[in-house]
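Work through the exercises below with the sequence and the coordinates open beside you. Each task is followed by a solution that goes step by step.

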Amino acid sequence: RTADARAMAERTIALDPGYHLAYSHLLNIYQGVGGQFSDLVFDGDSILALLGEADVRAYGGRERVRASQERARALATSAARGWVAADPDSRQAHMALVISHSAAQRFDSAAAAADRAAARAGMRAPALAYAAVQMHFL
């Protein structure tokens with residue numbers, strides 16, 4: 001169950017904020033629901049798969065689907081920010097923050113996050129440098 005996986009990841013982060021795998025799992029859940037073409041939505045603490053227009057109507061329509069996706073993208077960004085705060089030297093955490101902003105089409109925030117990461121001592125990562133340049137052009 002997704003609700004159990006989310007709760008387990010959140011509990012793990014609360015117990016050990018440096019445990020990167022918990023952040024990664026949590027972000028995967030949120031990014032799965034928050035994807036632009038995702039057929040997954042939040043229903044309370046659970047995630048439902050909408051398998052067609054009848055399911056979309058039963059869920060409450062396209063606006064509710066979009067609201068669920070927005071919520072998931074916001075949760076992904078919040079989790080990524082938490083990861084960066086817990087381990088500011090983690091390249092993966094910084095990339096997760098850049099990706100979460102980009103997925104939400106907040107390209108200016110993605111560029112700023114990539115620039116902040118690239119400015120950190122020891123944060124030399126080709127993927128971050130590429131992301132910084134790419135976000136400045138979007």
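**Exercise 1.** Locate Ala9 in the fold and determine whether Ala9 is buried or exposed.

Solution. Ala9 has its place in helix H1, where helices (H or I, at least four residues) and strands (E, at least two) are DSSP runs numbered from the N terminus. With a relative accessible area of 6%, Ala9 is buried; the scale used here sets buried at under 20% relative accessible area, exposed at over 50% and partly exposed in between, with a 1.4 Å probe and protein chains only. The C-alpha atoms of Ala9 and His25 are 6.9 Å apart in space, although 16 residues separate them in sequence. When residues up to four places away in sequence are not counted, Ala9 touches Ala22 and Leu26, a contact being heavy atoms within 4.5 Å.

Before going on, note that this is a predicted model, in which local features need pLDDT of at least 70 and side-chain atom pairs count only at pLDDT 80 or more, while totals for chains, interfaces and linings use all residues. Residues are numbered from 1 along each chain as its sequence is written, and side-chain values use heavy atoms, with hydrogens and water left out.

**Exercise 2.** Describe the largest nonpolar core and state which element gives the most to this core.

Solution. A nonpolar core is a set of buried Ala, Val, Leu, Ile, Met, Phe, Trp, Tyr and Cys residues joined through side-chain atoms within 4.5 Å. The largest one has 32 residues, and those with the most contacts inside it are Leu26, Leu27, Tyr30, Phe42, Trp83, Val98 and Leu128. Two or more residues each come from helix H1 (2-15), helix H2 (20-34), H4, H5, H6 and helix H7 (126-136), and H2 gives the most, with seven residues. Leu26, once its neighbours within four places in sequence are left aside, is in contact with Arg6, Ala9, Glu10, Ile13 and Ala79. Apart from the largest core lies another, of five residues, among them Val41, Leu50, Tyr59 and Val65.

**Exercise 3.** Work out how H4 and H5 are oriented to each other, and list the residues that meet.

Solution. The axes of helix H4 (residues 62-86) and helix H5 (residues 91-103) come within 8 Å and cross at roughly 160°; axes are lines fitted to C-alpha atoms, for helices over the stretch in contact, and angles run from 0 to 180 degrees between N-to-C directions. H4 and H5 are therefore roughly antiparallel to each other, since angles over 145 degrees count as roughly antiparallel, those under 35 as roughly parallel, 65 to 115 as roughly perpendicular and the rest as oblique. On the H4 side, Arg73, Ala76, Thr77, Ala80, Arg81, Trp83 and Val84 meet Gln92, Ala93, His94, Ala96, Leu97, Ser100, His101 and Ala103 of H5.

**Exercise 4.** Follow the chain from H5 into H6, and explain how these helices are oriented and what phi Gln105 has.

Solution. The axes of H5 and helix H6 (residues 107-119) come within 7 Å and cross at roughly 165°, and H5 and H6 are therefore roughly antiparallel to each other. His94, Leu97, Val98, His101 and Ser102 of H5 make the contact with Phe107, Ser109, Ala110, Ala113, Ala114 and Ala117 of H6. Gln105 is placed in the loop between H5 and H6. Most residues other than glycine have a negative phi. Gln105, however, has a positive phi of about 60° although it is not a glycine, and Gln105 is exposed, with a relative accessible area of 54%.

**Exercise 5.** Determine the angle at which H6 and H7 pack, and then place Leu128.

Solution. H6 and H7 pack at an angle of about 150°, with their axes 8 Å apart. Phe107, Ala110, Ala111, Ala114, Asp115 and Ala117 in H6 meet Leu128, Ala131, Ala132, Met135 and His136 in H7. Leu128 is found in helix H7 and is buried, with a relative accessible area of 1%. Between Leu128 and His94 there are 8.1 Å in space, C-alpha to C-alpha, and the two are 34 residues apart in sequence. Leaving aside its neighbours within four places in sequence, Leu128 has contacts with His94, Met95, Val98, Ala114, Ala117 and Met123.
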